[in-house]
Structures are given as structure tokens and as C-alpha cells.
Amino acid sequence: MVDCFGCGLHRTPATGLRLHCGRVPGSALVAAAWTAGPELGGADGLLPPELVWGALDCPGNAAGRLLDDRRAGAVTAALTARLLRPVPVGAGLVSYAWLLGTEGRKYRVGTALATAEGDLCAIGEALWVEPRAQAQPQAQP
């Protein structure tokens, strides 16, 4: 079974990030509390940068669906991110996102990754695009 590395429901701590975002009550944010499994870290016990980018990416999709009623299936068109500090594996983390703007099928989000204590580890901005609606087949006479 193919399952998203970032938000797949069938992933384990050793095979994915398991970011399952929800709305943060009383705010315009979505967030997921999670812990990167030690198997995802390098010999130094840190999450590699490419996995940090994944932790910034998936919440952007959730922001579109949960904050702007976007349909499933949007894809990342661009992601710009900055690593602010090393990200430890095996410790509590929070990934979150918020909407920056929308235009037609496109929407922009801000994203961030922090420790459970609130220390900011990485920030990003992403452009997401919804696929075009598929034309409905016409009935045959």
C-alpha cells in the first residue's frame, strides 16, 4: 500500500512523520503534535534537513483543507524554508500552518516546526495548487 511519508495513516515512527493536523481551537492555525522516530535520525540524533522540509510541507495541505475548505488532492508547487536550529529525534515536536492568501486554485501558507517547549526550529512558506476539476463524461445516446 502506498501511503504519504508525511501524513500517512499507515506509517510507523520508523517509516514516516505521521503528521495528522487538526484545527487549533480559537485560532487560524492547524497543527500536529508528533515525535520523529529515532530510525529517521542521522548518527547525530538529529532529523535530516530533507525530513524537516517534509514536516513543514504536509501541514500546508491541511491548512487549505481545514481553514479554507479546499478539496483533497492539492500539490506543493513551491516550498521555501529556513532551518533555525537542529531538530532532535525522539523528542516532542509541533508542526503548524496558517493561510497567507488565496487566488483561484492556488493558496499560500506559512508553516513552522517547533519543539514541544515552543523553541522554533524551522519556518517556511509554500504555494499549493489544486488540480483542475475533471470534466464529467457525457452520456452516450
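The paragraphs below go through this structure from its overall layout to single residues.

The structure is a predicted model, in which local features need pLDDT of at least 70 and side-chain atom pairs count only at pLDDT 80 or more, while totals for chains, interfaces and linings use all residues. Residues are numbered from 1 along each chain as its sequence is written, and side-chain values use heavy atoms, with hydrogens and water left out.

The protein has one helix and six strands; helices (H or I, at least four residues) and strands (E, at least two) are DSSP runs, numbered from the N terminus. Read from that end, the elements follow the order β-β-α-β-β-β-β. Along the principal axes, the C-alpha atoms fill a box of roughly 65 × 35 × 25 Å. The accessible surface is about 8000 Å², and carbon and sulfur atoms account for 55% of it; such areas come from the Shrake-Rupley method with a 1.4 Å probe, and for residues only the protein chains shown count as cover.

Next comes the sheet. Strands of a sheet pair through backbone hydrogen bonds, either parallel or antiparallel. Here six strands form an open sheet in the order β1-β2-β4-β5-β6-β3, with antiparallel pairing; two strands pair if DSSP finds at least two bridges between them. β1 and β3 are at the edges with a single partner strand each, so one side of each has no neighbour in the sheet.

Strand β6 pairs with β5 over nine bridges and with β3 (residues 75-83) over eight bridges, both in the antiparallel sense. Between β3 and β6, L79 has A126 as its bridge partner, and L83 has A122. On the β5 side, A114 stands opposite L120 of β6. The hairpin of β5 and β6 has four residues between the strands, and G118 there takes a positive phi near 100°.

The interior can be described through its nonpolar core, a set of buried Ala, Val, Leu, Ile, Met, Phe, Trp, Tyr and Cys residues joined through side-chain atoms within 4.5 Å. Buried means under 20% relative accessible area, exposed over 50%, and partly exposed in between (1.4 Å probe, protein chains only). Of the 141 residues in the protein, 35% are buried. The largest nonpolar core has 29 residues, and those with the most contacts inside it are L19, V30, W34, L47, V87 and L113. At least two residues of this core come from each of β2 (30-35), α1 (49-68), β4 (92-103), β5 (106-115) and β6 (120-129). Helix α1 gives the most, with eight residues.

V30 shows what such a position touches, where contact means heavy atoms within 4.5 Å. Leaving aside neighbours within four places in sequence, the contacts of V30 include P59, A62, A63, L66 and L67, as well as S95, Y96 and A97. For the protein, among contacts between residues at least 6 apart in sequence, 61% join residues at least 24 apart.

Two residues have a notable backbone angle. Most residues other than glycine have a negative phi. R18, in the segment before β1 (22-23), has a positive phi near 60° without being a glycine. D69, in the loop between α1 and β3, is not a glycine either and has a positive phi of about 55°. Are these two residues exposed or partly exposed? R18 counts as partly exposed because its relative accessibility is 25%, whereas D69, at 71%, counts as exposed.
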